[in-house]
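Student: Could we go through this structure together? I would like to learn how each label is earned.

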Amino acid sequence: MRRKLTQIELLHELSGVAEQNVNRHLAMTRDWNPHDYVPWDDGRNYAALGGQDWDPSQSQLSDVARAAMITNLLTEDNLPSYHREISDNFSMDHAWGHWVGRWTAEENRHSIAMRDYLLVTRAVDPVKLEEFRMTHMGHGATSENHTGAETGQRSILHLVSYVTFQELATRVSHRNTGKACNDPVADKLLQRIAADENLHMIFYRNICGAALDLAPDQVLRAVTDIVTGFQMPGVGMPDFRRNGVLMAKHGIYDLRQHKDEVVMPVLRKWNVFEREDFGPEGEKTREELAAFLDELEAAAVKFEEMRDRSLAREAAKREKAGLAV
């Protein structure tokens with residue numbers, strides 16, 4: 001039976017991989033400026049500066065797009081909490097520290113650009129948005145809210161596993177939100193942000209993959225904790241349940257996308273179900289993971305059937321109302 005590696009041992013063993021992947025990220029990423037993605041000509045003063053305050057009629061976004069934009073922005077807004085979690089679990093020395101700083105700066109750029117776009121285009125209620133930001137950041141976020149592991153059992157492996165899946169999930173959500181906005185400016189902005197999120201995912205996926213080679217049973221336990229207990233980082237934000245339902249119902253982010261576009265591609269990249277280096281505990285954990293994935297598939301099918309029936313009923317009502325007119 002393999003000895004479990006400590007947090008310090010893991011950081012030491014993975015430091016070379018971290019350095020390689022920081023360099024890879026810097027070589028692949030493209031710097032960009034938030035101001036280049038905001039239609040400033042659309043802006044005007046609000047009442048405090050002699051202009052007009054927001055009115056719902058000013059928004060050109062659908063309810064679905066507006067809910068998704070707010071959810072995605074509030075997720076980016078809570079950056080200080082995620083920075084704290086990552087810096088507390090990673091070393092701030094050498095490549096680890098360089099990554100934490102770089103990742104934080106890039107994520108902060110996302111929230112700057114999204115907020116500027118929403119305020120300039122008057123797409124959302126700015127007062128409510130600020131109230132939501134204060135509430136969500138006031139609550140903060142900790143790994144215990146999202147990692148699926150019991151208190152005291154969380155580790156760097158849980159954190160790296162979680163952010164691998166979370167960054168990919170955020171990429172999917174941003175891309176689909178951009179399409180839902182029906183605005184080429186918003187779509188271009190969110191495609192740019194999604195590209196960053198994909199590179200972030202690759203960094204964490206590569207770190208976790210290297211850890212899986214180093215300590216297969218230990219890492220698979222963390223991965224399974226994350227997959228079976230996964231929650232998006234927006235949990236706890238105002239209107240999250242309502243907005244989440246809207247986003248799932250209209251294809252922004254649902255169970256099918258979570259399984260097919262987020263969970264399975266990562267597990268395949270790690271060869272989780274093909275590798276032969278697991279011990280007895282790892283084999284048992286893999287069986288647990290496989291059983292959960294079967295349950296997730298069943299839940300996705302059930303949701304799709306319910307959604308199709310709901311959308312069909314709504315379409316029938318609209319058609320009936322149109323005939324009545």
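Tutor: Gladly! Let us begin with a term: a salt bridge is a side-chain nitrogen of Lys or Arg within 4 Å of a carboxyl oxygen of Asp or Glu. The structure holds 18 salt bridges. Please keep in mind that this is a predicted model, where local features need pLDDT of at least 70, side-chain atom pairs count only at pLDDT 80 or more, and totals for chains, interfaces and linings use all residues. Residues are numbered from 1 along each chain as its sequence is written, and side-chain values use heavy atoms, with hydrogens and water left out.

Student: Why is the pair E106 and R102 called a salt bridge?

Tutor: The closest N and O atoms of E106 and R102 are 2.5 Å apart. The limit is 4 Å, so the pair earns the name. Side chains of opposite charge can pair when their charged atoms come close.

Student: Where do E106 and R102 lie?

Tutor: Both belong to helix α4 (residues 94–120) and are four residues apart, about one turn of the helix. Helices here are DSSP runs of H or I with at least four residues, strands are E runs of at least two, and both are numbered from the N terminus. An α-helix has 3.6 residues a turn, so residues three or four places apart point the same way.

Student: What makes E106 buried or exposed?

Tutor: The cut-offs are under 20% relative accessible area for buried, over 50% for exposed, and partly exposed in between (1.4 Å probe, protein chains only). E106 has 1%, so E106 counts as buried. Its partner R102 has 22%, so R102 counts as partly exposed.

Student: How do you know that E130 and R133 form a salt bridge?

Tutor: Their closest N and O atoms are 2.8 Å apart, and that is within 4 Å. E130 and R133 are three residues apart in helix α5 (residues 126–139), about one helical turn. At 34%, E130 is partly exposed.

Student: Which of R275 and D277 is buried, and which is partly exposed?

Tutor: R275 has a relative accessible area of 12%, so R275 is buried. D277 has 23%, so D277 is partly exposed. The side chains of R275 and D277 meet in a salt bridge at 2.8 Å, N to O. There is also a network of salt bridges, linking R256, K259, D260, E297 and E304.

Student: How many helices and strands does the protein chain have?

Tutor: Eleven helices and zero strands. Of the 325 residues in the protein chain, 51% are buried.

Student: What makes helix α6 largely enclosed?

Tutor: In α6, 21 of the 25 residues are buried, so the rest of the structure largely encloses this helix. One of the residues in α6 (residues 156–180) is S173, which counts as buried at 3%. Leaving out residues up to four places away in sequence, S173 touches N72, M247, I252 and Y253, a touch being a contact with heavy atoms within 4.5 Å.

Student: How do you know that the span of α6 is close to the expected one?

Tutor: The expected span is 1.5 Å times one less than the number of residues. For α6 that gives 36 Å, and the helix reaches 35 Å from its first C-alpha to its last. Helix α7 (residues 184–214), with 31 residues, reaches 45 Å, close to the 45 Å expected.

Student: Which residues have the most contacts inside the largest nonpolar core?

Tutor: They are F165, L267, W270 and L293, in a core of 52 residues. A nonpolar core is a set of buried Ala, Val, Leu, Ile, Met, Phe, Trp, Tyr and Cys residues joined through side-chain atoms within 4.5 Å. The elements that give two or more residues to this core include α1 (7–28), α4, α6 and α7. Apart from this core lies another, of 22 residues, among them L61, L73, A123 and F132. In soluble globular proteins, nonpolar side chains tend to be buried together.

Student: And what makes A47 buried or partly exposed?

Tutor: At 36% relative accessibility, A47 falls between the two cut-offs, so A47 is partly exposed. A47 is found in the loop between α1 and α2 (63–77). Leaving aside neighbours within four places in sequence, A47 is in contact with Q52 and D53.
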